Amino acid sequence: MFEPVSVRRSRTLLPPRARLVCLAVILLAAGLSVLLFEPQRLLASGWPPELRGAGAVAVFGLAYGVCTAALVPRPILNLAAGALFGAQAGLGGALGGTVLGAGLSFALGRALGQEALRPYVRGRWLKAADGQLSHHGFRSMLAIRLFPGMPFAVANYAAAVSRMRYVPFLVATGLGSVPNTAAYVVAGSEATSPTSPAFLISMGFIVLSGAAAAVVGWCKRHRLTGGVEPEPVAGAPGGRTAEPERAGAGAGARAGAGSTAVG
């Protein structure tokens with residue numbers, strides 16, 4: 001599986017728990033910087049007027065990705081993209097920044113948090129979610145992006161802790177983020193005309209997609225609340241799992257037979 005060189009180097013330089021502490025410090029510093037400096041406002045009101053055209057969209061996409069990795073909410077950035085560049089160019093910058101920010105978050109989580117957190121993936125819900133992302137990564141992440149409900153940063157780090165691969169994660173993020181991102185960008189581009197059809201349609205889509213996410217989550221809840229298959233026991237024939245009750249009953253029966261024979 002492909003891994004960036006920085007990920008492999010970090011795993012050899014620091015033990016897992018030290019890397020997890022580094023990740024926590026980075027996220028805490030990012031959150032505090034967002035609260036103190038509010039970089040999302042700089043992207044909208046403090047954007048340099050001399051930056052124009054494709055270069056400006058590229059710079060915005062880069063800043064968008066960094067801000068997303070720093071836990072700035074994406075809806076605010078999408079609205080800013082539409083307000084600054086219009087619907088088409090704003091959508092391109094927002095999607096590029098979305099994939100970049102997701103990739104940065106995924107790389108941080110995989111390098112600094114995966115080995116330390118995987119031993120704590122226990123419990124029915126966590127195991128079910130980890131199994132979905134590990135074995136059905138592309139379609140699971142595509143559904144998460146298409147039906148917004150899980151916060152963007154949470155989905156990034158959950159995928160990083162799982163065994164999901166980089167390329168499916170990035171492709172699913174890029175494809176699945178198109179509809180919702182486009183709706184916010186169009187709303188931002190039409191923010192000065194809140195009664196225009198484009199603005200009303202985009203806001204209606206945002207509301208409907210949120211409702212659809214709630215419905216899909218409710219219908220698929222059995223995958224998280226249902227039973228998780230027990231892990232196979234080493235040495236069990238055919239990879240079958242041991243059944244504690246029957247195993248205990250068999251041991252008790254053998255012990256009773258042995259005591260009868262001794263008596």
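This is a short walk through one protein structure, from the overall fold down to a few single residues. Please keep in mind throughout that what we have here is a predicted model.

Let me begin with the whole chain. The protein contains 14 helices and zero strands, and if you read along the sequence you will therefore meet one helix after another, from the first α to the last, in an unbroken α pattern. Of its 263 residues, 33% count as buried, while the surface that the protein exposes comes to about 15,100 Å², with carbon and sulfur atoms supplying 69% of that area. If we take the contacts between residues at least 6 apart in sequence, 76% of them join residues that are at least 24 apart.

Now let us turn to two helices, α8 and α9. Helix α8 covers residues 137-146, and it packs with α9 at an angle of about 175°, the two axes being 11 Å apart. An angle over 145 degrees counts as roughly antiparallel, and α8 and α9 are therefore described as roughly antiparallel to each other. Which residues meet where these helices pack? From α8 come Met-141, Ile-144 and Arg-145, and they meet Phe-152, Ala-155, Asn-156 and Ala-159 of α9. As a reminder about helices in general, there are 3.6 residues to a turn of an α-helix, so residues three or four places apart point the same way.

Helix α9 deserves another moment. Seven of the ten residues in this helix, which runs over residues 152-161, are buried, so α9 is largely enclosed by the rest of the structure. The buried ones are Phe-152, Ala-155, Asn-156, Tyr-157, Ala-159, Ala-160 and Val-161. Phe-152 has a further partner, since the charged end of Arg-74 sits over the Phe-152 ring, 4.9 Å from its centre.

Next come the aromatic rings. The structure holds four aromatic pairs. In one of them, the rings of Phe-106 and Tyr-166 have their centres 4.9 Å apart and their planes at 70°, so this pair is edge-to-face. The pair links distant parts of the chain, with Phe-106 in helix α5 and Tyr-166 in helix α10, 60 residues apart. Are these two residues buried or exposed? Phe-106 has a relative accessible area of 1%, so Phe-106 is buried, and Tyr-166, at 9%, is buried as well. The ring of Tyr-166 also has a charge over it, because the charged end of Arg-110 sits there, 5.6 Å from the ring centre. Elsewhere, Phe-60, Tyr-64 and Phe-85 form one aromatic cluster.

I would like to finish with two leucines. Leu-175 lies in helix α10, which covers residues 166-176, and with a relative accessible area of 52% Leu-175 is exposed. Leaving aside residues up to four places away in sequence, Leu-175 touches Phe-138 and Leu-142. The C-alpha atoms of Leu-175 and Val-99 are separated by 9.6 Å, although the two residues are 76 residues apart along the chain.

The other leucine, Leu-71, lies in the loop between α4 (53-69) and α5 (74-112). What is the phi of Leu-71? Although Leu-71 is not a glycine, its phi is positive, at about 75°. With 34% relative accessibility, Leu-71 counts as partly exposed.

Conventions: Residues numbered from 1 in each chain as written. Predicted model: local features only at pLDDT ≥ 70, side-chain atom pairs only at ≥ 80, totals over all residues. Heavy atoms only, no water. Buried < 20%, exposed > 50% of the residue type's maximum accessible area, 1.4 Å probe, protein only. Helix = DSSP H or I, 4+ residues; strand = E, 2+ residues; numbered from the N terminus. Contact = heavy atoms within 4.5 Å. Areas by Shrake-Rupley, 256 points an atom, 1.4 Å probe, with all protein chains shown as cover. Phe/Tyr/Trp six-rings, centres within 6.5 Å; stacked < 30°, edge-to-face > 60°. Lys NZ or Arg CZ within 6 Å of the ring centre and 35° of its normal. Axes fitted to C-alpha atoms, helices over the stretch in contact; angles between N-to-C directions. Parallel < 35°, antiparallel > 145°, perpendicular 65-115°, else oblique.
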